[in-house]
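This report sets out the local geometry and packing of one structure for a computational reader. Terms are defined where they first appear.

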Amino acid sequence: MHSLLVKNAYVIDPLNNIRGEIMDIAIKDGKIVESVKDSAEVIDAKGQLTLPGGVDSHSHICGTKVNFGRYMSPEDMRAGRGRAQPYMYPVSGYSVPTVYANTYRYSKMGYTTVLEGAMAPLEARHTHEEFSYNTLQDTLANTLFDGNWSVMEAVAEGDLKKVAAIVGWTLAAVKGFGVKITNPGGTEMWGWGKDIGCIHKKVDYFGVTPAEILDYLIRANEMLNLPHSAHLHTNNLGKPGNYKCTLETMQRAPDLNDKRQTLYMTHVQFHSYGGSKWADFCSKADDVSWMLNRKPNIAIDMGQVMFGKTTTMTADGPMEFNLYRLHHNKWSNHDVELETASGIIPVHYSRKNLVNSIMWAIGLELALMTKNPWQCMLATDNPNGAPFVKYPEVIALLMSQKYREEQLKTVNPDTEKRVFLPSLDRELDINEIAIMTRAAQAKALGIVDIGKGHLGVGADADVAVYPIKMDDIDPSKDYQKIIDGFSQTDYTIKRGRAVSKKGDCLVLGDNATIWVKPKISEKNDISKDPEFMKKFERYYTVSLDNYPVQEEYLHRNICIETETGI
Amino acid sequence: MKITLAIKKRDNPYIPIEAEAITTKTFLEKKPEDISVWYGNSEQKLTEIFDVRVEGDAKSEDEVTIIMSGNCSAVKRVGEYMNGGIIEIEGNIGHHCGNFMSGGLIEIRGNAESWLGREMRGGKIICHGDAQNYCGSGYRGEKKGMTGGTIEVMGSAGDFTAETLAGGEVIIRGNTGNLAGAEMIDGTLKIYGDAHLPCANMKGGTCHVYGTAYNVLPTFEYKGLIKAGDQASQMHMFNGDIANRNAKGTLYAAKYEFFK
Ligand SMILES: [Zn+2]
């Protein structure tokens with residue numbers, strides 16, 4: 001029976017409408033409680049900023065894709081080296097660091113829950129193996145369905161129930177959490193060296209369009225009662241003029257759920273581009289955020305780009321091929337049989353480069369022009385836009401117009417003509433930052449009910465105490481203090497234990513993997529369907545029996561069972 | 001200032017010694033008893049591993065000479081980031097000797113292990129014996145390896161000699177293994193013996209092979225016999241590697257065989 005009292009905390013807890021009250025947080029057995037006895041261990045927060053543990057709803061930290069990034073960039077391991085110390089293994093790497101480096105760095109920044117943005121079902125075991133070493137955050141995995149043959153065939157047949165049955169069985173089999181759709185249809189076309197283009201083109205052989213694949217997967221997602229909504233990486237990522245495709249996708253999104261969004265669109269910065277080629281490339285963040293402002297059924301994450309070296313990695317194989325043709329640097333390309341694709345290349349976002357400078361501005365514009373912070377999450381699509389260690393700088397940019405103006409002076413001078421950023425004077429407050437970095441993310445993922453993203457009684461005791469005294473600083477002017485404060489907590493508390501203190505880990509950690517198991521009736525069990533079984537015999541290199549990830553790969557885990565009615 | 005480092009007898013001579021502390025600058029700033037090296041997984045005083053003798057004074061690195069004797073083939077990173085002065089190694093030396101050095105001279109009487117002068121910026125390394133793999137190259141994944149200075153190996157060198165060479169000069173008096181000058185972008189590589197698969201994927205710079213260049217890739221464009229290099233006879237000239245856009249590299253070979 002372990003209990004802990006965090007005293008004198010300056011608490012911001014948006015889900016419980018607490019905005020900067022000095023209070024004590026009582027913790028018992030990993031949960032927040034009303035009060036604890038005097039014998040409890042005490043942490044004095046000294047009036048410093050105290051938030052629910054950070055939640056990252058889109059990041060790439062574990063799995064085959066990240067690991068390929070590691071093999072192909074040994075030079076990345078020259079940065080970010082850390083020696084072994086009690087409770088910490090030696091680490092190295094910056095944009096594709098070791099698993100321990102990721103978990104330590106997230107913990108140092110006060111994050112306690114992270115979602116891996118893209119797990120190919122066929123390669124799920126690797127993701128879970130790495131998850132078990134990502135010891136300081138609870139982990140969840142979005143599971144890729146964008147080029148799934150069975151799904152596309154069921155869509156072609158117009159059989160929604162079957163789509164739901166396939167998705168439901170697959171999620172439970174691979175211990176996935178959400179439905180990820182990366183460049184729908186495009187990843188299958190990539191198997192033939194092609195891309196799909198926009199949402200009304202037909203996928204070769206299957207005869208279905210991205211719009212249809214998405215419509216069906218959104219509805220199947222709701223039919224399965226999944227905690228999270230469909231999670232979409234829209235077609236045409238990174239192409240000038242792609243905002244039209246983004247707007248049409250948004251326009252079509254239905255509103256089917258009253259607890260959360262029906263569609264989560266990820267790294268929207270990469271999808272808000274105007275112009276028709278690189279020469280007239282410009283921001284269309286205004287149109288995209290205008291649409292978002294009138295579509296409460298959609299939530300997005302920024303996909304903020306920050307300057308410096310990083311690695312891009314995505315299931316979007318054809319997009320990475322385009323990037324490779326642009327940079328002529330190293331490139332990894334992968335076709336995941338019957339399911340999806342992937343590509344990886346290292347990049348360097350430069351302030352001198354006009355396109356990169358515009359990309360940097362667009363991410364910030366999206367966050368500043370989205371009226372409701374619950375609809376826009378703070379993320380960099382780690383490591384695609386920048387490694388997540390840049391979050392404190394992103395926070396400061398959103399809170400301080402002065403900081404933005406100073407940064408604008410350092411970027412390509414032609415940027416101002418192509419973006420809206422210089423005209424935006426909005427400065428987000430700490431409550432909005434808390435929404436964008438934890439509360440909204442937990443809500444969007446549908447994990448508030450299992451105790452994430454808030455500090456109410458019964459919630460998981462995941463707490464971050466930052467060395468920031470909100471009453472003593474003006475974030476608009478003291479942006480450096482915001483950056484420093486968010487870079488390293490005084491304490492990160494996970495499930496009721498202090499797990500890191502001023503950047504040093506205090507325990508080896510013991511995370512949980514959160515996954516879903518939709519309850520599907522015997523007659524809709526797709527794994528008993530003769531045609532589905534035949535697909536494994538004829539096309540997959542693994543058998544149906546070897547495909548599911550056994551529970552022993554998960555160590556501690558939280559299974560969310562859902563009622564489906566199918 | 002003259003420092004003599006005689007390596008002591010060890011129970012296990014294969015345990016690596018990480019000795020980036022052995023550079024001219026360290027001895028200018030610290031007393032020998034305050035310098036430490038890593039012996040396997042334990043940090044030890046330099047004086048535990050070597051018999052150290054210091055004679056005279058110095059005001060700058062240029063006035064420091066370090067003489068190392070005994071079998072130093074497990075002593076790594078000697079002369080890392082060296083800026084001036086002299087290191088003389090009487091026998092063999094371990095991996096990564098002269099990493100990132102930018103000035104001064106390292107002279108090795110024996111053989112050098114792999115990564116001799118990796119990512120060197122300036123100064124000179126002379127190795128009288130053989131050098132192993134990756135002599136004068138960049139480290140793994142690095143696009144830009146050595147950018148300045150000179151490495152001269154009197155014997156032969158291993159595979160990937162001068163990989164990603166971006167400046168300076170690498171001279172191998174003997175043969176090289178596979179892929180010498182691979183990915184080179186600038187600078188000069190001279191091989192007085194034979195080379196295999198030389199300059200694969202080069203984008204710039206010049207390579208001379210005075211022996212036979214074996215397995216020249218078909219992506220090298222033959223330009224004819226030309227008077228080049230420092231020997232009397234004419235040499236075969238190639239442009240490459242045209243697998244790259246705007247490849248500006250030049251390969252000269254006294255004799256050659258295309259890859260079959
Ligand atoms: Zn992503």
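Ala162(B) lies in the loop between strand E11 (150-153) and strand E12 (166-172) of chain B; strands (E, at least two residues) and helices (H or I, at least four) are DSSP runs, numbered from the N terminus. The phi of Ala162(B) is near 55°, a positive value in a residue other than glycine. With a relative accessibility of 0%, Ala162(B) counts as buried, where buried means under 20% relative accessible area, exposed over 50% and partly exposed in between (1.4 Å probe, protein chains only).

The structure is a predicted model, in which local features need pLDDT of at least 70 and side-chain atom pairs count only at pLDDT 80 or more, while totals for chains, interfaces and linings use all residues. Residues are numbered from 1 along each chain as its sequence is written, chains are lettered from A and ligands numbered from 1 in the order in which they are written, and side-chain values use heavy atoms, with hydrogens and water left out.

**Backbone exceptions**

Most residues other than glycine have a negative phi, and most peptide bonds are trans. Besides Ala162(B), Trp115(B) has a positive phi although it is not a glycine. Trp115(B) is placed in the loop between strand E9 (105-108) and strand E10 (124-127) of chain B, and is buried, with a relative accessible area of 6%. Two cis peptide bonds may be set beside these residues: one joins Asn382(A) and Pro383(A), and another runs from Gly240(B) to Asp241(B). Pro383(A) is in the loop between E18 and H12 of chain A, whereas Asp241(B) is found in the loop between strand E17 (235-240) and strand E18 (249-258) of chain B.

| Site | Backbone angle |
|---|---|
| Ala162(B) | phi near 55° |
| Trp115(B) | phi about 65° |
| Asn382(A) to Pro383(A) | omega about -5° |
| Gly240(B) to Asp241(B) | omega near -10° |

**The zinc site**

Which protein residues are donors of the zinc ion? They are His58(A) through NE2, His60(A) through NE2 and Asp381(A) through OD, at 2.0 to 2.1 Å from the ion. Donors are N, O and S atoms within 2.8 Å of the metal (3.2 Å for Na, K and Ca); water is not among the atoms, so sites may look incomplete. Along the chain the donors of the zinc ion have the spacing H-x1-H-x320-D. Distant parts of the chain are thereby linked: His60(A) is in the loop between strand E6 (54-59) and helix H1 (64-72) of chain A, and Asp381(A), 321 residues apart from it, is in the loop between strand E18 (376-377) and helix H12 (391-399) of chain A. Both His60(A) and Asp381(A) are buried.

Asp381(A) is also touched by Gly303(A), whose other contacts include His267(A), Gln269(A), Phe270(A), Ala379(A) and Thr380(A), residues up to four places away in sequence not being counted; contact means heavy atoms within 4.5 Å. Gly303(A) is found in the loop between strand E14 (298-301) and strand E15 (308-314) of chain A, and is buried, with a relative accessible area of 0%.

**Nonpolar cores**

A nonpolar core is a set of buried Ala, Val, Leu, Ile, Met, Phe, Trp, Tyr and Cys residues joined through side-chain atoms within 4.5 Å. The largest has 140 residues, and those with the most contacts inside it are Leu49(A), Trp360(A), Leu398(A) and Phe486(A). Helix H11 (residues 354-369) of chain A supplies the largest share of this core, twelve residues. A second, separate core of 63 residues includes Ala58(B), Met68(B), Ile89(B) and Cys135(B). Among the residues touched by Phe486(A), beyond four places in sequence, are Leu49(A), Met109(A), Ile430(A) and Tyr466(A).

**Helix packing**

Two packed helices are described by the angle between their axes and the distance between the axes. Axes are lines fitted to C-alpha atoms, for helices over the stretch in contact, and angles run from 0 to 180 degrees between N-to-C directions.

H12(A) and helix H13 (residues 401-408) of chain A pack at about 110°, with their axes 5 Å apart. H12(A) and H13(A) are therefore roughly perpendicular to each other, given that angles under 35 degrees count as roughly parallel, over 145 as roughly antiparallel, 65 to 115 as roughly perpendicular and the rest as oblique. Leu398(A) is one of the H12(A) residues at this contact, and Tyr403(A) is one of those in H13(A).

Helix H4 (residues 149-156) and helix H5 (residues 160-174) of chain A pack at an angle of about 165°, with axes 8 Å apart. That makes H4(A) roughly antiparallel to H5(A). The contact involves Ser150(A), Val151(A), Ala154(A) and Val155(A) of H4(A), and Lys162(A), Val163(A), Ile166(A) and Val167(A) of H5(A).
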